[in-house]
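I opened this entry to keep a record of what I looked up, element by element. The notes follow the order of looking.

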Amino acid sequence: MSALAGRHGLRRDVTVDEVMGTRASVHVIVREGLPSLVSLDVDDAVARALASLHDADRRFSTYRDASEVRRLARGELALDDAHPDVREVEAACRAALRTTAGRFSAWWRGWFDPTGYVKGWAVDRAMDAHLADLLDLEGVAAVGLNVGGDLCVRTRPGSSWTWTVGVADPRDRGRTVARLRLADGAVATSGTAERGAHLVDPRTGGRARGVLSATVVADTLADADVWATAAAVAGDDLTWVRDAGTRSGLLVGADGRTRRWAGGVEVTTDAGW
């Protein structure tokens, strides 16, 4: 864990781990001079949150032969016999398939691959089960969990702390295309900028190429993750935004055009979102 200088008598403690094939970081905003007993509670909560991510990775990874997802794919495990977490995620993915009108599918490869959903689900669970309660401790102002650039944050009511999230410009990763301020919620990004044309439109089986990056803000990271993927697949079509239930979002198209929405309505202002 490392501590970064903060403001208004607050500092940021950061713990980093490698999990789910990427880097996870837990950010806890605490008052300078936090009592040692509270610090121990924070350390314990952070350890449990990261352990829950590793547990999800072991169960859902498509790269681990022994994971339940791979055993399901090989027919070695029936869904009814799988862990309750697997059945919960499978049901949630079926709901996402319906709500996105097929733009998101965990079955696009012909077998159950919840990669586009489970990371957000695991982060939400780690936050709710292990980190959110830290806000009840005197001296803890905010907590955040970032996994591979997708993040979930919570802030103590009445705290002066505000999270500032920069959205990288997919055409120049050294720049930001937008900044947003967030007290509670989640932000996820999908697209072709970092991994190339790896996204498949489940409706056609063809590669999704029209969007360099799609960033979505929602109440939960599971929802933000699903809709970021759906947005990248939908391309220039924003008709889905009205009923998606997301807070706001930003698309950077392959042609360089930027489109934004808030509250289900596309906005054209240059102001922040």
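**Ala 101 and Met 20**

I began with Ala 101, which sits in the loop between helix 3 and helix 4; helices (H or I, at least four residues) and strands (E, at least two) are DSSP runs, numbered from the N terminus. The model is a predicted one: local features need pLDDT of at least 70, side-chain atom pairs count only at pLDDT 80 or more, and totals for chains, interfaces and linings use all residues. Residues are numbered from 1 along each chain as its sequence is written, and side-chain values use heavy atoms, with hydrogens and water left out.

I read the phi of Ala 101 as near 55°, a positive value in a residue other than glycine. Most residues other than glycine have a negative phi. Ala 101 counts as exposed, at 52% relative accessibility; buried means under 20% relative accessible area, exposed over 50%, and partly exposed in between (1.4 Å probe, protein chains only).

I noted Met 20 as well, a non-glycine residue with a positive phi of about 55°. Met 20 belongs to the loop between strand 2 and strand 3. Its relative accessibility is 21%, so Met 20 counts as partly exposed.

**Helix 4**

I checked the length of helix 4 next. Its 17 residues should span 24 Å at 1.5 Å a residue, and the end C-alpha atoms are 23 Å apart, which agrees; the expected span is 1.5 Å times one less than the number of residues.

Is helix 4 enclosed or open? Twelve of its 17 residues are buried, so helix 4 is largely enclosed by the rest of the structure. The buried residues include Tyr 117, Trp 121, Met 127 and Leu 131. I listed what covers them: strand 3 (22-31), helix 1 (36-60), helix 3 (84-99), strand 4 (140-147), strand 5 (150-155) and helix 5 (221-234) are included.

I then took two residues of this helix in turn. Lys 119 lies in helix 4 and counts as buried at 18% relative accessibility. Not counting residues up to four places away in sequence, Lys 119 touches Met 20, Val 147, Gly 148, Asp 150 and Asp 225; contact means heavy atoms within 4.5 Å. The C-alpha atoms of Lys 119 and Leu 221 are separated by 8.3 Å, with the two positions 102 residues apart along the chain.

His 130 is also placed in helix 4 (residues 115-131). Its side chain makes a polar contact with the side chain of Arg 48 at 3.0 Å. I used the usual form of the term: a pair of N or O atoms within 3.5 Å; within protein, one must be able to donate a hydrogen and the other to accept it, and residues adjacent in sequence count only if both atoms are side-chain atoms. Beyond four places in sequence, His 130 touches Ala 45, Arg 48, Ala 49, Ser 52 and Arg 125.

**Helix 1**

I repeated the length check on helix 1: 25 residues at 1.5 Å each should span 36 Å, and its end C-alpha atoms are 36 Å apart, which agrees. Among its buried residues are Ala 45, Ala 49, Ser 52 and Leu 53. The buried residues pack against strand 2 (10-19), strand 3, helix 2 (68-73), helix 3, helix 4 and strand 4.

**Cys 152**

I placed Cys 152 in strand 5, where it is buried with a relative accessible area of 0%. Its contacts outside four places in sequence include Val 123, Asp 124 and Met 127, along with Gly 185 and Ala 186. The C-alpha atoms of Cys 152 and Ala 186 are separated by 4.3 Å, although the residues are 34 apart along the chain.

**Cores and rings**Which residues of the largest nonpolar core touch the most other members? In this core of 67 residues they are Leu 53, Tyr 117, Leu 131, Val 140, Leu 145 and Trp 240. A nonpolar core is a set of buried Ala, Val, Leu, Ile, Met, Phe, Trp, Tyr and Cys residues joined through side-chain atoms within 4.5 Å. Helix 5 gives the largest share of this core, eleven residues.

I found five aromatic pairs in a search of the whole structure; rings of Phe, Tyr and Trp (its six-membered ring) pair if their centres lie within 6.5 Å, and planes under 30 degrees apart count as stacked, over 60 as edge-to-face and the rest as tilted. Trp 161 and Trp 163 form an edge-to-face pair, 5.6 Å centre to centre with 80° between the planes. Ring pairs also link Trp 227, Trp 240 and Trp 261 into a cluster.
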